[in-house]
Amino acid sequence: MLVFLWTDALLYLLLVAIAVFIGFATRSRPLRDPWLRVLQSRMGMASLVVLLAYASVGILDSVHFRPSVDSQSDEQRYGSQVVSLLDSIAKPLIVQTEETYSAPFAKHAYVQRVVTRADGSKAQVYPRLEFGGAHLAGDDDAKAWDIFTKSLVGAGWGLLAWLAVAALLIAVISVGTGGSYKQVAGHIRRDNTRLRWRAGLITLAVIFLVCGGFLELAGHYHVFGTDKVGQDVFLESIKSIRTGLLIGTLTTLIMLPFALVLGIMAGYFKGWVDDAIQYLYTTLSSIPGVLLIVAAILMLQVYMENNPGLYETTAERADLRLLFLCLILGVTSWTGLCRLLRAETLKLGEMEYVQAARGLGVGSIRIMARHILPNVMHIVLIQIVLDFSALVLAEAVLSYIGVGVDPSMDSWGNMINGARLEMARDPIVWWPLAAAFIFMLGLVLAANLFADVVRDAFDPRLRKGSSADDPEQQSQEDQLAQPPAGGAR
């Protein structure tokens, strides 16, 4: 039985909005040309592929349902636990739980335990893990060779999957451009296409090879070890992707209407409207954001503790806290974009076409929607992609200080918060912190690189300056705008 959490519904709404925007951008040259420049950049295409890989995992983890349970009666019954499609795929990793800590690729536990020998004597030993490396009976040399061979097998499966995806992509491009399959493949191999498909396919190949090797190893080892309660850290890191993506995207979805409406109104109407909006965001900016978030989260906790009957499952309770955290972050982060839009609207309000529209008696709402909004969208897009990585890092900081997402929800912030105490052990338990760092670095780095490319493509000052100073670069851009001889695009 499908279950729609609040964050799931907002994520689906965001996907629909993105699809509508893509359809609108393909028919609007002012929006289509900058995005084509983004895809004509090798760095932009490579970082976009990484972000899409993260987004795919987040979407799989956002399809929730209650599994059916066996019942003696004819009536269909469903369990009380809410699981996701990703949980169903990764079920072997969920059930392979150890007793406590174990290091990456270890066969024995990380903590000693007192056992009684056959002769009645007691000894402290590192017990053998129940699942990690259970198929091995030899020494560490056999384990090293087994890890190497299974990595190659997994990489081989990943290579086959990549070949299938690449073949499908080439077929789609050949159908869309009218060129032959061989011609399109040759243009991509020589990087002689309008869009940088070769960079995207190389990045996708690396992702498939790495993921294939890790997934093959995850069925026999704990790749990133286990935590205090014996859960697989690799699975926790993957499950945390959804939380990071939701924090970055839903917060933007919440703050964008405030910034757009108030920023454009302040710059267009001026006068007392401008004064009131400036007073609002100046007052809000003067309040320390962390204190406001702490106060709001504590109020929500008190409300949920006083009304436990409003939530049927733990997942619904954790989802409400995540939604509330996105709401608070959105309310406290729209002021910067609002200032930028106000300043840009003040400049656009003095342009000739706006003055002509006013002289012809066009209404203010129509002028703001038809003339102001399209000309400030480059600022909105640049600010959105720049704020995404900052919001992902903000979740980790807030969870570290105890006011982030619910402790029962998988997130990189909760992993870092738990690793804070584990780092004080002797010997040190370092792998939960390392796993959270690696996965967060991949997402934030890709988002920052993509943001730089988007900024260069949409900022008219940077684009005009580079074209005027470098005629050869302008000539290359003109050549990229034309399809190659083979018809590949």
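The buried residues of helix α2 pack against three other helices: α1 (6-27), α3 (42-60) and α17 (431-458). Packing here rests on contacts, that is, heavy atoms within 4.5 Å. Helix α2 itself covers residues 29-39, and its buried members are L31, P34, L36 and V38. Buried stands for under 20% relative accessible area, exposed for over 50%, and partly exposed for what lies in between, with a 1.4 Å probe and protein chains only. Helices (H or I, at least four residues) and strands (E, at least two) are DSSP runs numbered from the N terminus.

A word on the model before we go on. It is predicted, so local features need pLDDT of at least 70 and side-chain atom pairs count only at pLDDT 80 or more, while totals for chains, interfaces and linings use all residues. Residues are numbered from 1 along each chain as its sequence is written, and side-chain values use heavy atoms, with hydrogens and water left out.

Now step back to the whole chain. The protein chain has 19 helices and 7 strands, and its C-alpha atoms fill a box of roughly 100 × 65 × 55 Å along the principal axes. Of the 489 residues, 42% are buried. Among contacts with a separation of 6 or more, 70% join residues 24 or more positions apart. The chain exposes about 25,700 Å², and carbon and sulfur atoms supply 65% of that area; accessible areas come from the Shrake-Rupley method with a 1.4 Å probe, and for residues only the protein chains shown count as cover.

Next come the charges. The chain carries 40 positive and 43 negative side chains, and the centres of the two sets lie 7 Å apart. In this count Lys and Arg are positive and Asp and Glu negative, with His and the chain ends not counted; each charge is placed at NZ of Lys, CZ of Arg, CG of Asp or CD of Glu. Side chains of opposite charge can pair when their charged atoms come close. The structure holds 13 salt bridges, each a side-chain nitrogen of Lys or Arg within 4 Å of a carboxyl oxygen of Asp or Glu.

A good one to find on screen is the salt bridge between D87 and K239, with the closest N and O atoms 2.7 Å apart. This pair links distant parts of the chain, since D87 sits in helix α4 (residues 85-89) and K239 in helix α9 (residues 233-269), 152 residues apart. Both partners are buried, and D87 has a relative accessible area of 14%. Leaving aside residues up to four places away in sequence, D87 touches D61, I94 and K239.

Follow α9 to its end and you meet K270, whose side chain forms a salt bridge with that of E350 (2.9 Å, N to O). K270 lies in the loop between α9 and α10 (271-286) and E350 in the loop between α13 (335-348) and α14 (352-359), so this pair ties together parts 80 residues apart in sequence. K270 is partly exposed, at 32% relative accessible area. In α10 itself you will find T282, which is partly exposed at 42% relative accessibility. The C-alpha atoms of T282 and T335 are separated by 7.9 Å, although the two residues are 53 residues apart along the chain.

Salt bridges also join into a network, here made of R42, D191, R196 and R198. Where does D191 sit, and what backbone angle does it take? Just after α7, D191 takes a positive phi of about 60°. Within α7 the buried residues are V184, G186, H187 and I188. T193 lies in the loop between α7 (181-189) and α8 (197-218), and at 4% relative accessibility it counts as buried. Its side chain reaches the backbone oxygen of L195 at 2.4 Å. This is a polar contact: a pair of N or O atoms within 3.5 Å where, within protein, one must be able to donate a hydrogen and the other to accept it, and where residues adjacent in sequence count only if both atoms are side-chain atoms.

Two last stops lie further along the chain. I401 is found in the loop between α15 (364-400) and α16 (412-422) and is partly exposed at 46% relative accessibility. The C-alpha atoms of I401 and G413, 12 residues apart along the chain, are separated by 9.1 Å. Finally, the side chains of R455 and D456 meet in a salt bridge (3.7 Å, N to O). R455 is partly exposed at 32% relative accessibility, and D456 is partly exposed with a relative accessible area of 41%.
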